[in-house]
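Colleague: Please take a close look at a single part of this structure and explain it in one connected account. A first-year student should be able to follow each term.

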Amino acid sequence: MKRWDALDVLRGLTIILMLMNLTPGSWEHNFAFLEHAKWEGWTLIDMVAPAFLFCIGAAMPLSLERRSDKGDSRSTLMRHVLWRGALLVAIGFFLNLYPKFDFATVRIPGVLQRIGLCYMLTGAFMLLTAQIDGGKLRFRAKPLIVAAAVVLVSYWALLYFVPVPGFGAPRFDPVGSWPSVVDRAVIGVVHFFQHWPVDGKVVFDPEGILSTWPSCFSVLAGALAGLAFTRGQFVKLPLVYVGAGAAMMVAATLFAAWCPIIKNIWTSTFALWSAGFALVALGLLMPVSQVNVVRPALWPARIFGENPLLAYILVFLAAPLIDAPWFGTAEAPDSLRNTSQAALSEMMDPRAASLLFAFVWIVILFAILLVCHRKRWILKL
């Protein structure tokens with residue numbers, strides 16, 4: 001398949017930023033752009049997960065219509081979408097279990113679990129609303145626009161108007177909002193992400209059940225961008241992307257008074273803002289990534305962008321090695337992460353040391369992915 005170069009670059013840049021966040025030399029020393037917003041607001045790293053969902057959506061019209069052109073029926077494609085989504089959920093759960101495999105305290109939600117669920121929900125809807133043209137499936141923009149609007153409005157209305165038992169409405173806080181209350185009742189805090197307590201208690205999970213619903217908006221927005229690309233209806237498509245994305249970000253800012261921009265419960269304004277951000281980024285990358293001076297510099301992003309799932313899995317498989325007690329003494333063992341951070345901090349700012357440690361791991365991963373690129377080993381489900 002002829003690849004959408006700017007989409008590969010955007011996906012690769014999101015993966016590189018994600019790896020910077022996942023492999024620091026110190027969790028306590030990071031630059032501000034690599035720190036998640038505590039609750040309201042956003043930082044650059046908060047844009048990574050929605051941008052990746054956006055990229056998944058953008059690729060769906062290309063990949064699914066290509067499969068249809070080769071003879072796959074609607075039912076065959078539906079099985080493919082559901083199976084692929086289920087595998088992503090299973091891989092995400094396995095990575096949460098690894099390496100302790102403690103089912104009593106394993107985190108149940110996760111990034112790959114959310115991606116898998118959003119892929120299944122959005123993909124199934126796209127296939128059900130697609131039309132048959134000459135015996136081949138063709139996706140339609142109008143149902144996707146309607147679905148995107150319904151997702152945003154319904155989720156906002158739930159948080160703003162529907163009283164939470166014992167807390168009332170509207171609630172956008174980590175304790176009394178609908179996503180947090182539902183997750184505590186269904187999943188249980190012992191199976192939450194344990195590292196973002198509120199007043200010393202774990203009360204929410206950033207990839208919970210209800211907040212997966214508005215996350216689908218990112219995939220729908222990406223699918224609409226993908227349809228515009230495949231149809232070639234706009235002469236200056238990058239400008240359309242930038243204009244539409246900027247309008248979405250302005251709208252999110254205007255409505256923030258009634259719906260705060262919060263990633264951890266993925267409010268409707270966060271969904272709107274982050275999708276707009278990804279759309280602007282894609283629009284800018286389409287011409288910029290083809291400039292002769294810039295194109296070679298973005299080559300690493302292309303390598304990461306064509307094999308993102310493998311990069312993500314390798315990071316989690318390597319994490320126990322980074323934190324294993326390779327150094328120190330029997331009485332005071334120390335990990336590669338801590339030892340490296342301490343040594344590098346003697347030569348530079350601790351934040352720079354933490355980032356350099358992450359950069360080293362990114363280079364190691366890049367070397368692995370480069371071998372895979374040359375062998376054409378692409379991890380696909």
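A pair of packed helices

Modeller: Helices α1 and α9 are oblique to each other, a word for angles outside three ranges: under 35 degrees (roughly parallel), over 145 (roughly antiparallel) and 65 to 115 (roughly perpendicular). The model is predicted, so local features need pLDDT of at least 70 and side-chain atom pairs count only at pLDDT 80 or more, while totals for chains, interfaces and linings use all residues. Residues are numbered from 1 along each chain as its sequence is written, and side-chain values use heavy atoms, without hydrogens and water.

Helix α1 covers residues 5–22 and helix α9 residues 268–288; they pack at about 125°, with their axes 9 Å apart. Helices here are DSSP runs of H or I with at least four residues, numbered from the N terminus; axes are lines fitted to C-alpha atoms over the stretch in contact, and angles run from 0 to 180 degrees between N-to-C directions. On the α1 side, A6, L7, V9, L10 and L13 make the contact (heavy atoms within 4.5 Å), and they meet A278, A281, L282, L285 and M286 of α9. This contact has ten nonpolar residues, with no polar and no charged ones; Ala, Val, Leu and Met are among the nonpolar types.

Elsewhere, two peptide bonds are cis. The bond from Y98 to P99 has omega near 0°, and P99 is in the loop between α3 (74–97) and α4 (111–129). The bond from A169 to P170 has omega near -5°, and P170 lies in the loop between α5 (141–161) and α6 (178–186).

Key. Helix = DSSP H or I, 4+ residues; strand = E, 2+ residues; numbered from the N terminus.
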